[in-house]
Amino acid sequence: MRHNLNAKRWCSNKRHGYLVAVFGVLIAFSLRYILHPLLGGSLPLFFFQINTIVIAYFFGIFPALLTLALSAPLLIFFFMEPFGALSVVDQRDVTTLFVYLSYTVLTGVLVELLRREQYNAKMAVLVSETRLKLMVEGDQKMRSVMRRSLTKSSAE
């Protein structure tokens, strides 16, 4: 089947996704903040990555990119040492942020492509079902026309 140009429309409520993305960042931040005394500097990205992947799955790449833009400053300020202060970013922080951004963007893009292909498959099934119905209706009409012509021929 040809590539479906409407594949970008697999999510019908992307505008709603931006609101959910902001809410998801707040939830991820809250969970990480609550667990901060237990986790300290370990796993600073975990809840934010899960949020971004879930947002990408349900609403697409652009709301997921919004979660990245919102969570990166929160991550730097609250969950990277020194905690609660803006300081000079060292090589470890740059590496952590690079891994977070690259991993999450790559995962978001792959999820977006997956959802588009799912949409294409769904549309292909709907088109094939419609074509099958049309073929069956056309076949029934042809059979009824042929029966009528055969009954007229045998009657004469």
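This passage walks through the helices of a predicted model, from the overall layout to single residues.

The chain contains four helices and zero strands, so the order of its elements from the N terminus on is simply α-α-α-α. Of the 156 residues, 30% count as buried. The accessible surface of the chain amounts to about 10,800 Å², and carbon and sulfur atoms account for 69% of that area. Contacts within the chain often bridge long stretches of sequence: among those between residues at least 6 apart, 72% join residues at least 24 apart.

A good place to begin is helix α1, which covers residues 14–39. Its buried residues are K14, G17, A21, G24, V25, A28, F29, R32 and H36. A general property of helices helps in reading such a list: an α-helix has 3.6 residues a turn, so residues three or four places apart point the same way. Helix α1 also has a kink of about 30 degrees at Y33, shortly before the proline P37. Just beyond the helix comes G40, a residue with a positive phi near 60 degrees.

One residue of α1 deserves a closer look. H36 has a relative accessibility of 18% and therefore counts as buried, since the cut-off for buried is under 20%. Leaving aside residues up to four places away in sequence, H36 touches F78, F79 and F83. Of these contacts, F79 is itself listed among the buried residues of helix α3.

Helix α3 spans residues 61–79 and, like α1, is bent: the angle is about 30 degrees at S71, with the proline P73 following within four residues. The buried residues of α3 are I61, P63, A64, T67, L68, S71, A72, L75 and F79. S71, the site of the bend, is thus on the buried list as well.

What about F62 in helix α3: is this residue buried or exposed? With a relative accessibility of 51%, F62 counts as exposed, because exposed means over 50%. F62 also belongs to a nonpolar patch on the surface, together with Y18, L65, V105, L106, V109, L110 and L113. Taken together, the residues of the patch have about 700 Å² of accessible area. Two elements, α3 and α4 (91–155), give two or more residues each to this patch. The largest share, five residues, comes from α4.

Definitions and conventions
Residues are numbered from 1 along each chain as its sequence is written. This is a predicted model: local features need pLDDT of at least 70, side-chain atom pairs count only at pLDDT 80 or more; totals for chains, interfaces and linings use all residues. Side-chain values use heavy atoms; hydrogens and water are left out. The bend at a residue is the angle between axes fitted to the seven residues ending there and the seven starting there. Buried means under 20% relative accessible area, exposed over 50%, partly exposed in between (1.4 Å probe, protein chains only). Patches are made of residues with over 30% relative accessible area and no salt bridge: like charges are joined within 9 Å, nonpolar side chains (Val, Leu, Ile, Met, Phe, Trp, Tyr) within 5 Å. Accessible areas come from the Shrake-Rupley method with a 1.4 Å probe; for residues, only the protein chains shown count as cover. A salt bridge is a side-chain nitrogen of Lys or Arg within 4 Å of a carboxyl oxygen of Asp or Glu. Contact means heavy atoms within 4.5 Å.
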